[in-house]
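Notebook entries follow on one structure. I looked up the ligand shell, the sheet, the helix packing and the backbone details.

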Amino acid sequence: MRNKKNFLVTGGTGFIGSNICKLLIELGHEVTIFDNNSRGELKRIRELNKKVKFIRGDIRDKKKFFKSLKNINSIIHLAYINGTKYFYEKPELILDVAIKGLVNIFDGCKKFKIRELYLASSSEVYQTPLKIPTSEEEPLKIPDINNPRFSYGGGKILTELMGINYGRKFFTKIIIFRPHNVYGANMGNEHVIPELIQKMRKIKKNSFLKIQGTGKEIRSFIYIKDFISAFHKLMTKGKHLQIYNIGTTQSIKIKDLVLKISKIMKKKIIIKTSSLKKGSTKIRKPNIAKIRKLGFKPKYTLDQGLKEIIFN
Ligand SMILES: NC(=O)c1ccc[n+]([C@@H]2O[C@H](COP(=O)([O-])OP(=O)(O)OC[C@H]3O[C@@H](n4cnc5c(N)ncnc54)[C@H](O)[C@@H]3O)[C@@H](O)[C@H]2O)c1
C-alpha cells in the first residue's frame with residue numbers, strides 16, 4: 001500500500017478508539033494501541049488481535065509512553081476520562097490525565113519527530129452555545145470555574161489551545177475534531193443510549209423509568225458507523241490546523257428518544273424525570289457544513305442505528 005503509516009492510537013481499546021483501529025487496519029496501516037484499559041476493553045479489539053500491537057500503559061507515564069513511539073508516523077490521541085459522573089466526582093483526575101497526557105503527547109512528538117497528530121476534543125467546549133446549530137466558530141467557554149463539570153470541557157479547551165499553537169511550529173498536519181454524542185454497540189453503559197436500553201430490558205411493562213433531566217433536553221446522536229466515515233474523510237481530506245465538528249443535524253428531545261426506544265423494544269413505560277445537573281446544557285446540535293465540504297454524508301437515521309444495536 002502506498003502511504004502506509006505506523007499509527008499510535010491512545011485510548012485505542014475505548015469505544016471510538018477500537019472503531020478507528022478497525023478503520024486503520026482496513027486501510028492497510030500498522031497500528032499500535034496505548035491504553036491503560038481504565039475504560040478500555042481488549043474484547044473490543046479481539047477481531048484485530050493479531051493485527052494490532054497493544055501496549056498497556058498510562059498516558060501520564062512519560063517513560064513508557066516514549067518507548068511506544070519508536071517508528072510511529074502519526075498519533076490519534078483519544079485517551080481521556082469520559083462519563084458525566086466522573087466530571088462531577090473526579091475533576092482533578094480528569095485534568096491530571098488531560099494535561100499530563102497532552103504534555104507527553106507534544107514532548108513525544110517533538111522528540112521522535114512525529115509530524116502528524118489528530119486530537120479528540122468534544123462538543124462540551126461549547127457549553128451552552130450562543131448559536132444553534134453550533135459551528136466551529138462558536139466561542140469556547142468555562143462558564144463557572146467552581147463547577148467541577150467544566151473540568152472535562154476545560155481539559156478539551158486546553159487540548160485545542162496547545163494543538164493549534166504547537167501545531168503551527170512542530171507539525172505538518174494537526175487536526176482537531178469535536179465529536180457530538182456518538183453511540184453504538186459496545187460503548188459501555190455509562191452513556192445515555194446504552195443506559196436507557198439496559199434499563200428498558202430490565203424493567204417490567206408499564207412501570208416507571210427514571211431519566212436524568214427534564215426530558216426536554218435536545219441532543220443529536222451520531223451512529224458510530226457514520227462517525228467513522230466522517231473520521232475517514234478527516235484523515236484523507238482534512239486540513240492542517242483545522243477544527244471539525246463530527247455529528248449529525250438530526251436532533252431529538254430526550255423524552256422522545258426514550259419513547260422511540262420503548263417502541264422499538266415493544267415495552268410501554270412511564271417516564272419519570274429529574275432535575276438537570278448544574279452545568280448541563282439544554283440543547284446540543286452541531287453545524288456540520290465544514291465536514292460535509294470534505295464529502296461526509298451521514299447515512300444512518302436514529303431508528304436504523306438504534307435497531308442495529310438493540311437487535312444485534
Ligand atoms: N463518545 C462520545 O460521544 C464523545 C463525545 C465527545 C468527545 N469524545 C472524546 O473522544 C475520545 C474517545 O471517547 P470514547 O467515547 O471512545 O471514550 P472511552 O472512555 O470509551 O475511551 C477512552 C479511552 O481512554 C483510555 N484512558 C483513560 N485514561 C487513560 C490514561 N490515563 N492512560 C491511557 N489510557 C487512558 C480508557 O481506558 C479508554 O479506553 C475521548 O477523548 C472523548 O473525550 C467522545
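Entry 1, ligand shell. I note at the start that this is a predicted model. I then listed the residues around the ligand and found 28 of them. Gly11, Gly14, Ile16, Gly40 and Ser122 are the closest. Sorting the shell by class gave me 13 polar, 11 nonpolar and 4 charged residues. I also asked which element gives the largest share of the shell. That is helix α1, residues 15-26, with 3 residues.

Entry 2, α1 against α7. I took α1 further and looked at its packing with helix α7, residues 224-237. Their axes come within 10 Å and cross at roughly 55°. The two helices are therefore oblique to each other. I recorded the crossing of α1 past α7 as right-handed. On the α1 side the contact uses Ile16, Asn19, Ile20 and Leu23. On the α7 side I found Ile224, Phe227, Ile228, Phe231 and His232. By class this contact has 7 nonpolar residues, 2 polar ones and no charged ones. Ile16 appears in this contact, and I had already listed Ile16 among the residues closest to the ligand.

Entry 3, the sheet. I traced the strand order next. The sheet is open, has 7 strands and reads β3-β2-β1-β4-β5-β6-β11, with parallel pairing. Which strands stand at the edges? They are β3 (52-56) and β11 (242-246); each has a single partner strand, so one side of each is left without a neighbour in the sheet. From one strand to the next I get an average twist of 15°.

Entry 4, β5 and β6. I checked one strand pair in detail. Strand β5, residues 116-120, runs parallel to strand β6, residues 173-179, and 5 bridges join them. Within the pair, leucine 119 stands opposite isoleucine 176 of β6. Helix α5, residues 150-170, packs on the sheet and touches β5, β6 and β11. I note that the direction of α5 makes about 160° with that of β6.

Entry 5, α4 against α5. I looked at the partner of α5 in helix packing, helix α4, residues 91-111. The axes of α4 and α5 are 9 Å apart, at an angle of about 10°. That angle is why I enter α4 as roughly parallel to α5. From α4 the contact takes Pro91, Ile94, Leu95, Ala98, Ile99, Leu102, Phe106, Cys109 and Lys110. From α5 it takes Ser151, Tyr152, Gly155, Leu158, Thr159, Met162, Tyr166 and Phe170. I count these by class as 13 nonpolar, 3 polar and 1 charged.

Entry 6, α6 against α8. I repeated the packing check for α6 and helix α8, residues 254-264. Their axes come within 10 Å and cross at roughly 45°. At that angle α6 is oblique to α8. This crossing is right-handed. Leu196, Ile197 and Met200 of α6 meet Val258, Ile261 and Ser262 of α8. The contact holds 5 nonpolar residues, 1 polar residue and no charged residues.

Entry 7, backbone. I looked for a cis peptide bond and found one from isoleucine 132 to proline 133, with omega near -15°. Proline 133 sits in the loop between β5 and α5. I also noted asparagine 206, a residue other than glycine with a positive phi, near 65°. Asparagine 206 is in the loop between α6 (192-202) and β8 (208-210).

Definitions and conventions
Residues numbered from 1 in each chain as written. Predicted model: local features only at pLDDT ≥ 70, side-chain atom pairs only at ≥ 80, totals over all residues. Near = placed C-beta within 6 Å. Nonpolar A, V, L, I, M, F, W, Y, C, P; charged D, E, K, R; others polar. Axes fitted to C-alpha atoms, helices over the stretch in contact; angles between N-to-C directions. Parallel < 35°, antiparallel > 145°, perpendicular 65-115°, else oblique. Left-handed = near helix turned anticlockwise from the far one by under 90°. Contact = placed C-beta atoms within 7 Å. Pairing = 2+ DSSP bridges.
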